[in-house]
Amino acid sequence: MFLHFIVLFFLPGGSATLAGAIKEAINTLRSDNVNAFILDLRDNSGGLFPEGIEIAKICSMVSPSFRLDKGVIVYICDSRGVRDILDTDGSNALATSEPLAILVNKGTASASEILAGALKDNKRAILFGEPTFGKGKIQSVFELSDGSGLVVTVARYETPAHTDIDKVGVIPDHPLPASFPKDEDAFCTCLQDPASSCHVNRVQLFSR
């Protein structure tokens, strides 16, 4: 049975030092004998795109059997097909062995969706909740001579399994009970108390 230790990671606003902070947190928690992680991305609007990529690298699996297309994190595509591939060789991986569950909902958007989709498609994590927001477009703003602006879609994101998430979102593996809380103390109660209306079995939470 898994020991019940949980860490919640968020990406609000996209701190430039977020990936480093997560590495430090993982090492600290391991020293306290933490043996499983829950990544809570509910109502997380995204943050900086590069930070989402770096966190995906930290959590990537080293074993090729758990990776798609040699560790693809996200494809950037345009009308002609794949324009760029962002991937990982595993050199920055840190949290590669502990079970990982990710919580998502309709407020999970942009870089958070890319992170969730990458870890799901690479079979590194199990997703729980509801479909994410579905912001898969890459847009540029052009200033016009009269001072107004023009927003143009120049590309789109696809997950490692070539899923276009725009207006669809990342589909979780399992739902969460409607009463599942966001408060950390109540969150832990839902995992510990089988009689709770929000109970989620810990074995199911971390099983692929």
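Select α3 (111-121) in this predicted model. Ten of its eleven residues are buried, so α3 is largely enclosed by the rest of the structure. The buried residues of α3 are Ala111, Ser112, Glu113, Ile114, Leu115, Ala116, Gly117, Ala118, Leu119 and Asp121. Just past the end of this helix, select Lys123, whose phi is positive, at about 60°.

Next, display the strands that α3 lies across, namely β1, β4 and β5. Relative to β4, the helix runs at about 140°. These three strands form an open sheet in the order β1-β4-β5, and their pairing is parallel. At the edges stand β1 and β5 (126-129); each has a single partner strand, so one side of each lacks a neighbour in the sheet. From one strand to the next, the twist averages 25°.

Now restrict the view to β4 (100-104) and β5. Four bridges join these parallel strands. To inspect one residue pair, select Ile102 together with Leu127, its bridge partner in β5.

Ile102 also leads to the next stop, the largest nonpolar core, which has 31 residues. The members that touch the most others are Phe37, Leu39, Leu100, Ile102, Leu115 and Leu119. To see where this core draws its residues, colour α1 (18-31), β1 (37-40), α2 (49-59), β2 (72-78), β4, α3 and β7 (149-158), the elements that each contribute two or more.

Finally, select Ile38, Ala101, Ile126 and Phe187, which are among the 15 residues of another core, lying apart from the largest one.

Notes: Residues are numbered from 1 along each chain as its sequence is written. This is a predicted model: local features need pLDDT of at least 70, side-chain atom pairs count only at pLDDT 80 or more; totals for chains, interfaces and linings use all residues. Side-chain values use heavy atoms; hydrogens and water are left out. A nonpolar core is a set of buried Ala, Val, Leu, Ile, Met, Phe, Trp, Tyr and Cys residues joined through side-chain atoms within 4.5 Å. Buried means under 20% relative accessible area, exposed over 50%, partly exposed in between (1.4 Å probe, protein chains only). Two strands pair if DSSP finds at least two bridges between them. Axes are lines fitted to C-alpha atoms, for helices over the stretch in contact, and angles run from 0 to 180 degrees between N-to-C directions. Contact means heavy atoms within 4.5 Å.
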